[in-house]
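Let's take a walk through this structure together, one piece at a time. Keep the 3D view open as you read.

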Amino acid sequence: MNLYPKAQLYYFLRLSFRKNIMSKFCDKVLCKIKEEKIEPKPKWHFLLKDYFVWLAFAVSLIVGALAFCVALSIILDNDWDIYRYLSLSPAKHILLSLPYIWIFAILLFLGLALYNYKHTKSGYRSGTFVVLGLSVVGSVVLGSVFHSLGMGRKIDRIFSQNIPLYQNVHCCCNRKDIWTQPEKGLLGGRILNIRKEDEFDIEDFGGIIWQIEKNNETLIRGPVLIIENEEVKLIGEKRTEKRFRAREIRPWAGK
Amino acid sequence: MLDKNNCSEKTDEELVALALKDQDFFACLVEKYEPKLMRYVRRISAATQEDAEDLLQEIFVKVYRNLNDFDPDLKFSSWIYRIAHNQVISHWRKTKVRPQVLKFEADEDFLKFIATDENLARDTERKFSGEEVRKMLENLDKKYKEVLVLKFLEGKDYKEISDILEKPLGTVATLINRAKKQFAKIVEEKNIKF
């Protein structure tokens, strides 16, 4: 070591200089903290923030699942077989019947779920596609549970009753318009009164009252009840200006 | 009363706990990380010594304010580097209206490290001098330079880089591989002559 006294001295001076600069910097930082009376933010502040992000993630997932269950109900309840009466190809009928607003809602809330998860403390550790995949699975499972509880139809009905333009925007075709085409064999509405065993009156969605004929060959599908105030869909033929013969009767919700 | 001689015997986690009770203990953390962070800040920013000091002061104040947010699942060094990284980025965003570009400061150690990297040499079928590497690095994307600094210069492993940059491990590995590939491509495409 004694062979390089100059080098040792240089090293010592450099170290002292560095230590001096460092402690000056350290004092500066502590001085600023003391002068400005800076305090560490309380632990609850960070916990609250973290819980809020997790809550936002859970809400996004649940709302996404609700959107999924409504879309599922609409798809399952849709009359996929009536394209013949509408003079449409099956593909065009499918494209016109998809619940686009709910599909958009599913995508939106999946995106929000991903965004919120990524902003949790350890969210960055999981890859985007893993989080997205798990969110999709979560929404599908939870949405199927909601659907089995009948929530999809309830939400669809609440929206139909309370939002005037809902029927026009939730897919390309207004369902009520589709079922107000007696000349094409499609008629829907509310049963006003039962005249006889094979005759009853309905009020269509345009407010017109129709006399409906049915017979033993009329197919009654699904859990439809021919009682007053029940909403139904009819497939058949227009006989006269206000008479309609039903070949098939379906419940308004479902098939 | 703070006995600074005790600082070196304590772990970062213990110092954090002590600093929360007595702010004088924060000095231990400042002294320990000041040189490392100063070097890191200068490596990833275009800051002058003075600007870097101001930036570093802001970083330590931020660290102190957020001490209760430190997650013991992470290494303290990863957490403090993360704050430093984010502060540099935020400083850059604030000042980018001025004609200032985030410039990469490659020092000799780094150049030597890259130049002698075996995988890179294999990819490009040759080794490079420090000056050659410096010129090629200027053409690298910012995101690639960042990971190269953390990997080769700061000596951080993948998990630490993942915690600092808040990216998944897989993404970090991909970034490092792409950085090397982009580096090799630059060599190949430009056929750089020095």
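## A hairpin to start with

Look for the hairpin in chain A that takes you from β2(A) to β3(A) through 2 residues. What you're seeing is a predicted model, so treat everything below as a tour of a prediction. The two strands of this hairpin, β2 (residues 186-196) and β3 (residues 199-204) of chain A, pair in the antiparallel sense, with 6 bridges between them.

Want to spot some of the partners? A:Ile191 has A:Ile202 in β3(A) as its bridge partner, while A:Asn193 stands opposite A:Asp201 in β3(A).

## More strands around it

Now follow β3(A) onwards. Its pairing with strand β4 (residues 209-213) of chain A is antiparallel too, over 5 bridges, and A:Glu199 finds its bridge partner in A:Glu213 of β4(A). The hairpin of β3(A) and β4(A) has 4 residues between the strands, and A:Gly207 in that hairpin takes a positive phi near 90°.

Go back to β2(A) and you'll find other pairings. Strand β1 (residues 180-181) of chain A runs antiparallel to β2(A), joined by 2 bridges; A:Thr180 has A:Leu187 in β2(A) as its partner. β1(A) and β2(A) make a hairpin with 4 residues between them, and in its turn A:Gly185 has a positive phi of about 95°. β2(A) is also joined by 5 bridges to strand β6 (residues 231-240) of chain A, again antiparallel. And here's A:Leu187 once more: in β6(A), its bridge partner is A:Leu234.

## Domains in each chain

Step back to look at whole domains. Chain A is divided into domain 1 (43-169) and domain 2 (179-251). How far apart do the C-alpha centres of these two domains of chain A lie? They are 34 Å apart.

Chain B also gets two domains in its assignment: domain 1 (8-95) and domain 2 (108-190). Between them, 9 residues of domain 1 of chain B are in contact with 9 residues of domain 2 of chain B. On the domain 1 side, α2 (26-44) and α4 (76-95) of chain B are the elements giving two or more residues, and α4(B) has the largest share with 4 residues. That side of domain 1 of chain B has 4 nonpolar, 2 polar and 3 charged residues.

## Where the chains meet

Next, find the place where chain A touches chain B. There, 19 residues of chain A are in contact with 24 residues of chain B. On the chain A side, α1 (5-35) and α2 (43-77) of chain A each supply at least two residues. Which element gives the largest share of that side of chain A? That would be α1(A), with 8 residues. Sorted by class, the side of chain A that touches chain B has 11 nonpolar, 2 polar and 6 charged residues.

## How sure is the predictor?

For the complex, the predictor gives an ipTM of 0.76 and a pTM of 0.76. Chain B has a mean pLDDT of 80, with 72% of its residues reaching 70 or more. Within chain B, confidence is highest in helix α9 (residues 158-165), at 96, and lowest in helix α6 (residues 118-124), at a mean of 55.

There's one stretch to take with a pinch of salt: over residues 97-103 of chain B, pLDDT stays under 50, and the model has 8 contacts beyond four places in sequence for this stretch. Where pLDDT is low, don't read the predicted coordinates in detail.

Conventions. Residues numbered from 1 in each chain as written. Chains lettered and ligands numbered in written order. Predicted model: local features only at pLDDT ≥ 70, side-chain atom pairs only at ≥ 80, totals over all residues. Contact = placed C-beta atoms within 7 Å. Nonpolar A, V, L, I, M, F, W, Y, C, P; charged D, E, K, R; others polar. Pairing = 2+ DSSP bridges. Domains from an automatic or database assignment. pLDDT = per-residue confidence, 0-100.
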